[in-house]
Amino acid sequence: MTESAGAAVYPQGIKLGVDVGTVRVGVALCDRDEILATPHKTLDRNVKKNSDVRVIASLAGELGAVQVFVGLPRTMKGEEHASARMATDYAELLVAEFVARGMDVPVNLVDERLSSVTAHRSLHEAGMSSRNHRKVVDQVAAAGILQHAIDMQKARGTDVGSRVTAPPRTRPSGAGSAVQPEHAAPEGTTRSQNTEGYSEPVQ
């Protein structure tokens with residue numbers, strides 16, 4: 001579930017950027033002054049145990065992160081498909097993990113169109129061979145997502161993207177792991193009705 005970030009005063013401090021893929025998840029972070037986003041690490045996506053979700057939550061706790069931005073893939077026409085649903089599900093897992101740990105860290109979805117393309121281009125311009133891109137491209141893409149978000153926050157003087165809230169129905173997934181969202185929609189509604197219009201465009 002998401003809600004518009006609206007005109008709320010945005011958190012200030014260390015923030016994380018996350019680029020979600022089916023195989024890998026890129027993570028980036030920025031400094032306390034929110035000047036520069038830098039690639040941090042690439043994690044293997046573990047769909048069964050969500051160990052990567054727990055790593056990100058632990059990192060946020062260690063750094064005292066005040067916010068996490070998850071890239072929301074859109075087509076050039078602004079449409080959202082399966083990859084957008086995957087990113088939203090991942091953001092909900094992060095929120096649930098933070099809640100389970102008693103951490104109040106907001107998670108926002110932000111438009112990430114062309115972030116991977118830009119990351120590949122940047123690596124190419126830096127002289128890295130294409131065969132080595134796979135090792136770092138996800139975290140570079142995450143840095144692009146985060147840089148765009150913090151720049152827009154400063155430019156607008158308000159929060160950007162869409163705030164993700166914990167699903168209304170949850171169940172524990174095992175000791176020490178994230179609380180998994182139930183994917184069944186409430187009675188009388190459909191999944192698409194619950195997710196339509198959940199993100200405001202970030203220019």
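1. Let me start with N50, which is buried, with a relative accessible area of 2%. This residue sits in the loop between β4 and α1. Its backbone deserves a look too: N50 has a positive phi of about 55° although it is not a glycine. Please keep in mind that this is a predicted model, so every value in this note is computed from predicted coordinates.

2. E34 makes a good companion to that point. Its phi is near 55°, again a positive value in a residue other than glycine. E34 lies in the loop between β3 and β4, and with a relative accessible area of 4% this residue counts as buried. The loop belongs to a hairpin, with six residues between β3 and β4.

3. For the overall layout, the secondary structure comes to five helices and nine strands. Along the sequence the elements follow the pattern β-β-β-β-α-β-α-β-α-α-β-β-β-α. Of the 203 residues, 47% count as buried. Among contacts between residues at least 6 apart in sequence, 70% join residues at least 24 apart. The accessible surface is about 10,200 Å², and 53% of it belongs to carbon and sulfur atoms.

4. Strand β3 (residues 24-30) is a helpful place to linger. On one side of the pairing, β2 (residues 15-20) runs antiparallel to β3, joined by five bridges, and a hairpin of three residues connects the two strands. β3 also pairs with β4 (residues 37-44) in the antiparallel sense, this time over seven bridges. V25 ties the picture together: this residue stands opposite V20 and also opposite L43 in β4. The strand is mostly covered, with six of its seven residues buried.

5. Within β2, I would point you to G17. At 0% relative accessibility, G17 counts as buried. Beyond residues up to four places away in sequence, G17 touches G26, V27, A28, F69, A142 and L146. As for L29, the C-alpha atoms of G17 and L29 are 6.0 Å apart, with their positions 12 residues apart in sequence.

6. Helix α1 (residues 51-63) has 13 residues and reaches 18 Å from its first C-alpha to its last, close to the 18 Å expected. Its buried residues are D52, V53, I56, A57, L59 and A60. These residues cover an arc of only 155° around the axis, which puts them on the same side of α1. What covers them includes β2, β3, β4 and α2 (82-100). After the helix comes G64, whose phi is positive, near 70°.

7. Which residues touch the most other members of the largest nonpolar core? They are I56, V68, V70 and V107, in a core of 28 residues. The elements that give two or more residues to this core are β2, β3, α1, β5 (67-72), α2 and β6 (107-111). Of these, α2 gives the most, with eight residues.

8. I56 links the last two points, being one of the buried residues of α1 and one of the core members with the most contacts to other members. Leaving aside neighbours within four places in sequence, I56 is in contact with L16, V18, V25, V27, L43, Y90 and L94. There is also a second, separate core of 13 residues, which includes A37, I145, A149 and V160.

9. Finally, take a look at D138, which lies in helix α4 (residues 130-156). Is this aspartate buried or exposed? At 10% relative accessibility, D138 counts as buried. Its contacts, not counting residues up to four places away in sequence, are D19, R24, V25, G26 and T42. V25 appears here once more, having already come up as a contact of I56 and as the residue opposite L43. G26 likewise recurs, as a contact of both D138 and G17.

Key:
Residues numbered from 1 in each chain as written. Predicted model: local features only at pLDDT ≥ 70, side-chain atom pairs only at ≥ 80, totals over all residues. Heavy atoms only, no water. Helix = DSSP H or I, 4+ residues; strand = E, 2+ residues; numbered from the N terminus. Buried < 20%, exposed > 50% of the residue type's maximum accessible area, 1.4 Å probe, protein only. Contact = heavy atoms within 4.5 Å. Pairing = 2+ DSSP bridges. Expected span 1.5 Å × (residues − 1). Arc of directions from axis to C-beta. Areas by Shrake-Rupley, 256 points an atom, 1.4 Å probe, with all protein chains shown as cover. Core = buried A, V, L, I, M, F, W, Y, C linked by side-chain atoms within 4.5 Å.
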